[in-house]
Amino acid sequence: DGVVVSEKVKSNNLDVKVTESELETEEKGTEEESTRESDSNILDVSSDYPREKHISIQRHLADLEKLADLKEDEKKPCPLCPEEKFKACYSHKLHRHLQNLHWKVSVEFEGYRMCICHLPCRPVKPNLVGDQTLSKMGAHYHCIICSATITRRTDMIGHINRHVNKGETESRFITVPAPKSSYEVLKESATDVQVLPNYSTPHKTDSYFNPKMKLNRQLIFCALAVLAEERKPIECLDAFGATGIMGLQWAKHLRSSVKVTINDCNENSVTMIQENCHLNKMKVKLNTKEEDSDEAMGDGEENTDTIEVTKMDANVIMHLRSFDFIHLDPFGTSVNYLDSAFRNVRNLGIVSLTSTDTSSLYAKAQHVALRHYGCNIVRTEYYKELAARIVIAAVTRAAARCNKGIEVLLAVALEHFVLVVVRVLRGPSPADDSAKKIRYLIHCQWCEERIFQKEGNMVEENPYQQLPCDCHGSMPGKTAVVLGPLWSGALFNTGFLRRMLFEALQHGLDEAQPLLKTLVYEAECTTLKHFSTHSPYDENKQEECGVYIKTPNTSAESYLVHGKRKSDEVIRNAAKRQKSENSAEHPAFYYNIHRHSIKGMNMPKLNKFLKYLSKAGYRVSRTHFDPMGVRTNAPLAQFKTILMKYSTPTYAGGQAEGPLHLAEDLQAGEQVQAADGKAEDAEFLEDDKSGVTAAMFITDYPAHCAAD
């Protein structure tokens, strides 16, 4: 009873013996394959392969007919069906059977056809009615690469595609030599990496490489280069290595300034990282969780730098070791790794994280944002900055649980990702200061005005009074929603961004330079384009919370006579005072000029509109979050007033319409604004006489709409 042999296979002189244990193992593995569609359940094949392929795998239909030994005057059975399913018949009928059933529904791979098989290779479970197992055999396919049997054709196609994506194209059943896996070598920032097919699809390959994230990698490299100038050497971790491209760029360009560790929990990815290190002539120090011994490999003739490659879970390695720089780039959200990242990161170190779950952060899947980040959000005109503040709030809470505070150095939200770079400040006091900056946001859904709630725990009698707009009084129902909790502090550090720009110029990172310039303007909230090309590290500076601040040359010397403790305290206070005087925090959020434009009017050019706002006495700049966004401290009402003044009608007939007293009312309102302390606003309102005509048309336009 230990061996079950098919009588039909015996009749065709095919000595195929299948043990019951093998059948049970194959049944278990293939059932899980068809349901879960995972490759972890594929049966392990012994090392004595290659062996002869299964009879259902053929190159041509004629080869399948040869197995039946067709003769016109004799009845022959089907080689792929048992006697109970298909009885012996003449050659013409058997030919149609083989062609229309087995050959037609086959799966093709590398010139071979995996025909559907009805032999008892895969017995079905016995029925509850009776033991009729042999009377009903399940149709299935035999994988040409491994020993799995798959029931459905679509599952078989997906199974083969996963083999191809992993580079497992050598057939263990075919005795002829199979072609080797084709590796593609890509080059980025003077670093070569070899990748597998479908390298840009994370679900289909172990070594994920996205060329669209090149800008993200350059920004992270600039942040690391700035930290490397502050202290050397620094230990940095790429927690999700994949191909190892990011860690290789760090080691290749920064060399002895950094000690790079590339980690990944997938064995295939670790192997590819080692191969890419050899490709770039780097030494590899292998340290896996299972192996305690370290192994140095590579011929480092041209480059003696060593990269440590580890195979651990990201949470495990961040709990075990301390680092100065940690980068997290998982597939999707990073919230599952924040507690581990802040557990052992060193003081004044940097943690950067890339979140690619844009569907939840950009308010397309609001329930997912609530589940991952504990945040209520809606789709707004400033949704990208909202996403950045959501991530920073989650980072702040994770750091506070470890008695650490943060200082946001950089927050970028683009089409494919949200990048946040923060500096870690140890101690309960910085943790408390950072936690206080997490607040709720009141957002008007009619005019998109927004404001952070006031600090304190007291219940407001009428929260609508905090909004500058009067939509609640003029519109029926509830007009505002509460979003958050969000980060309410600054998103950028100007000094750090300038040093990042200098590093981008030094290393020739062309794609990051325009974005970094825009970020500097945005951090300072100005349109002035004054950049110094000399090194910012040469100037006299003081460090406060990890940020360098310029100080006079005589300040430190004059305080040294009072003792070490007192002098340090005075220097620290002077640095804080100078920091508050020189760097005013940029306004939160921005307005989209198209969102607030008037129908039937041509808006001014964006750069001209920025000048008009600046002349009115407001801080203004463009923003990287939105190409048509304007970051300003002007209220929305004044923003619309200035936009309407410098807009022109789309047709000339509109200039003759509209009563004069409406324009006079607008002028009176503008004079009240000038009387409030904005003298420059009054000057620029008188510069352009055509703006009065435009204002007449605009104020009359809603009246026409209401009349219709």
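# A guided tour of the predicted model

Begin by selecting Thr 479, which is buried, with a relative accessible area of 2%, in what is a predicted model rather than an experimental one. Thr 479 is found in the loop between α15 (471-474) and β21 (480-487). If you display its surroundings, leaving out residues up to four places away in sequence, you will find that Thr 479 touches His 443, Cys 444, Gln 445, Trp 446, Tyr 464, Cys 471 and His 472.

**The whole chain**

Now zoom out and colour the chain by secondary structure, which comes to 24 helices and 28 strands. Of the 708 residues in the chain, 49% are buried. Among contacts with a separation of 6 or more, 65% are between residues 24 or more positions apart.

Switch next to colouring by confidence, where the chain averages a pLDDT of 76 and 69% of the residues score at least 70. Strand β15 (residues 325-328) has the highest confidence, at a mean of 98, while helix α18 (residues 553-559) has the lowest, at 34. Two further stretches are worth selecting at this point: over residues 173-181 the pLDDT stays under 50, and the model has 23 contacts for them beyond four places in sequence, whereas residues 574-583, also with a pLDDT below 50, have nine contacts beyond near neighbours in sequence. Where pLDDT is low, the predicted coordinates should not be read in detail.

**The sheet beside the starting point**

Return to β21 and select its sheet, an open one of three strands in the order β20-β19-β21, with antiparallel pairing. β20 (450-452) and β21 stand at the edges, and each has a single partner strand, so one side of each is left without a neighbour in the sheet. Neighbouring strands here are turned by 25 degrees against each other on average, direction ignored. Strand β19 (residues 438-444) pairs with β20 in the antiparallel sense over three bridges, and within this region you can pick out Ile 442, which stands opposite Ile 451 in β20. Then add helix α13 (residues 383-401), which lies across β19, β20 and β21 and runs at about 50 degrees to β21.

**The nonpolar cores**

Which residues touch the most other members of the largest nonpolar core? Select Phe 342, Met 500 and Leu 516, which do so in a core of 112 residues. Helix α6 (residues 214-230) gives the most to this core, with eleven residues. In soluble globular proteins, nonpolar side chains tend to be buried together.

Centre the view on Phe 342 and show its contacts, again not counting residues up to four places away in sequence: Phe 342 touches Val 351, Val 395, Ala 398, Ala 399, Cys 402, Lys 404, Ile 406, Val 422 and Val 424. A second, separate core has 24 residues, including Cys 471, Val 620, Val 630 and Phe 639. Cys 471 has already appeared on this tour, as one of the residues that Thr 479 touches.

**A long-range neighbour pair**

Move on to Val 412 in strand β17 (residues 404-413), a residue that is buried, with a relative accessible area of 0%. Leaving aside neighbours within four places in sequence, Val 412 is in contact with Leu 219, Phe 417, Val 418, Leu 419, Leu 515, Leu 519 and His 624. Draw a line between the C-alpha atoms of Val 412 and His 624, and the separation is 7.8 Å, although the two residues are 212 residues apart along the chain.

**A second three-stranded sheet**

From His 624, go to the open sheet of three strands in the order β24-β27-β26, where the pairing is antiparallel. At its edges stand β24 (591-592) and β26 (620-622), each with a single partner strand, so one side of each is left without a neighbour in the sheet. A hairpin joins β26 to β27 through six residues, and three bridges link these two antiparallel strands; among the residues to display is Arg 622, whose bridge partner in β27 is Val 630. On the other pairing, β24 and strand β27 (residues 629-632) are joined over two bridges in the antiparallel sense, with Gly 629 in β27 as the bridge partner of Asn 592.

Do the side chains of β27 lie buried or exposed, and which way do its residues point? Gly 629 and Arg 631 point one way, Val 630 and Thr 632 the other way, and all are buried.

**A recorded domain**

Finish with residues 143-163, where UniProt places the feature "domain: C2H2-type", in an unreviewed entry. Over this stretch the chain is 52% helix and 10% strand, and the end C-alpha atoms are 10 Å apart.

Key:
Residues are numbered from 1 along each chain as its sequence is written. This is a predicted model: local features need pLDDT of at least 70, side-chain atom pairs count only at pLDDT 80 or more; totals for chains, interfaces and linings use all residues. Side-chain values use heavy atoms; hydrogens and water are left out. A nonpolar core is a set of buried Ala, Val, Leu, Ile, Met, Phe, Trp, Tyr and Cys residues joined through side-chain atoms within 4.5 Å. Buried means under 20% relative accessible area, exposed over 50%, partly exposed in between (1.4 Å probe, protein chains only). Helices (H or I, at least four residues) and strands (E, at least two) are DSSP runs, numbered from the N terminus. Contact means heavy atoms within 4.5 Å. pLDDT is the predictor's confidence in each residue, from 0 to 100. Two strands pair if DSSP finds at least two bridges between them. UniProt positions are given in the numbering used here, feature names are shortened, and annotations may be inferred rather than shown by experiment. Axes are lines fitted to C-alpha atoms, for helices over the stretch in contact, and angles run from 0 to 180 degrees between N-to-C directions.
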